[in-house]
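New to this one? Take a look at the structure below, then read on for a short tour.

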Amino acid sequence: MEKRYFDFRDIFRVIRYGFSGRKIAVHFIGLVIAYLIYELLVYLSLFVEGGGAAQDFWNTYALLPVTPFSNAEFAQITEIAMWIGVISFACIFFLSSTVASKITIEQFRGDFFFSVGDAVTFLKGHWKSVLGAFIGLLLIQIFLALIPLSIAGLGKLPVVGKPFLMVASLFMPLGFFLGVLMALIAVVFCVSLLFVPAVVATTGADTFETIYQQFTIVWNKSWLTVCYEAMLLLIKLIFVPIWAFFCLAGFSIVMLPMSFLHTGQMEHITACANLWLGGAIEKLAMLPYVNSLGVFNIGMAMKEPSTFMTTVTAIFLTTTLLMGAGLVIAHLFSIASAGNTVIYTILRKKIDGHNLLEPFNPEPAEGT
């Protein structure tokens, strides 16, 4: 097993552990599943809405995922479908992160042959802890928020409303501490987005222990967590673009002969793919140095009729570009999963001296 320092030096190992075929594959599969679920829900809602809504959406966005956060106005049923898709994506992401974190911690413990199948088996027994931690924190926050909401609602009652508010104002100091507690839980929830998969993967903790660990991190090592996450963000900003450049360069090199020898046909094929991706290729080609080899040229080919062969080729081109984008995002998620796992092992060591890289025995040895 490699030497661990349990400080900022261990974070730099994320560069190697994040660039892992197994972890990237785990997140890539998760992205594919989440993308298919999201698009299926959106288009089903559009078909239910009827009136050409699906055709209008296709003409504008096609296969490009559109989030409910965008400025576009959609029917209520479509927005609901989008929010369900976002929640599904979040669940799949955190479950995938748990699998990637489990692979990472086992590699740190010296088992470099720990497989994805073993990690998935672990997930089957602990997925409730992952999702339950988020649900638990949300329920706590909702319960606390109901207190001031109930008081304000009762204050709207005729006759007794104003006297009730006057009496309730006597408890204003308690309300202040309630607000501080709600702010703390909000911070804890944000931290949980980073560390819940890592906590479950490294310790096999249940829901309550996982939630407790989030509070422990915020209360004991909040500023250290900020510093370590800033280092991890810097690693992402450096190495994800490098991976994106290699993916783009590899695609351009492969497509260059076709673009050079069959310019007109490739422009038309690229134009079809651009339409199916909601104009994403055109926007991508406008970025500096991206279209230096001219493989993303579209020109006026959109006006040409599409043949069967052109359509089939455009389908594969669209699929390839989506896969390329997925691989870049999967690498980002892989770095995040590995990095947060490393950071949690460091924080846990500094908080209570527990070395997560060694077997944990909560019972004291006899004679001590």
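What follows goes from the whole protein to a few helices and single residues.

## The whole protein

First of all, this is a predicted model. Its secondary structure is easy to sum up: twelve helices and zero strands. Walk along the chain from the N terminus and you pass one α element after another, α-α-α-α-α-α-α-α-α-α-α-α. The C-alpha atoms fit in a box of roughly 75 × 70 × 35 Å along the principal axes.

How much of the protein is buried? Of its 368 residues, 41% are. The accessible surface is about 20,500 Å², and carbon and sulfur atoms hold 74% of that. Looking at contacts with a separation of 6 or more, 78% join residues 24 or more positions apart. As for charge, there are 20 positive and 21 negative side chains, and the centres of these two sets sit 7 Å from each other.

## Two helices, checked by length

Do the ends of a helix lie where a rise of 1.5 Å a residue would put them, or elsewhere? Helix H12, residues 308–352, has 45 residues and should span 66 Å; its end C-alpha atoms are 65 Å apart, so the two values agree. Right after H12 comes glycine 353, with a positive phi near 75°.

Helix H10 (residues 263–276) passes the check too: its 14 residues should span 20 Å, and the end C-alpha atoms are 20 Å apart. Glycine 278, just after H10, also has a positive phi, about 65°. Several residues of H10 are buried, among them Met266, His268, Cys272 and Trp276. What covers them? The cover includes H4, helix H9 (207–261), helix H11 (280–285) and H12.

## Two residues up close

Leucine 64 sits in the loop between helix H4 (53–60) and helix H5 (76–108). With a relative accessible area of 28%, leucine 64 is partly exposed, because partly exposed covers the range between 20% and 50%. Setting aside neighbours within four places in sequence, its contacts are Glu39, Trp276, Leu277, Gly278 and Ala280. Two names there may ring a bell: Trp276 is one of the buried residues of H10, and glycine 278 is the residue with the positive phi just after that helix. For a sense of scale, leucine 64 and asparagine 355 are 291 residues apart in sequence and 44 Å apart in space, C-alpha to C-alpha.

Serine 129 belongs to helix H6 (residues 116–154). Is serine 129 buried or exposed? Its relative accessible area is 10%, so it counts as buried, the cut-off being under 20%. Leaving out residues up to four places away in sequence, serine 129 touches Val200, Ala205, Asp206 and Thr207.

## The cysteines

How many disulfides are there? A disulfide needs two cysteine sulfur atoms within 2.5 Å, and by this rule the count is zero. Cysteine 190 is in no disulfide, as the nearest cysteine sulfur, in cysteine 91, is 17 Å away. For cysteine 227 the closest cysteine sulfur is that of cysteine 190, 18 Å off, so it is too far for a bond. Here are two of the cysteines in terms of exposure:

| Residue | Relative accessible area | Class |
|---|---|---|
| Cysteine 190 | 47% | partly exposed |
| Cysteine 227 | 46% | partly exposed |

Definitions and conventions. Residues are numbered from 1 along each chain as its sequence is written. This is a predicted model: local features need pLDDT of at least 70, side-chain atom pairs count only at pLDDT 80 or more; totals for chains, interfaces and linings use all residues. Side-chain values use heavy atoms; hydrogens and water are left out. Helices (H or I, at least four residues) and strands (E, at least two) are DSSP runs, numbered from the N terminus. Buried means under 20% relative accessible area, exposed over 50%, partly exposed in between (1.4 Å probe, protein chains only). Contact means heavy atoms within 4.5 Å. Accessible areas come from the Shrake-Rupley method with a 1.4 Å probe; for residues, only the protein chains shown count as cover. Lys and Arg count as positive and Asp and Glu as negative; His and the chain ends are not counted. The place of a charge is taken as NZ of Lys, CZ of Arg, CG of Asp or CD of Glu. The expected span of a helix is 1.5 Å times one less than its number of residues.
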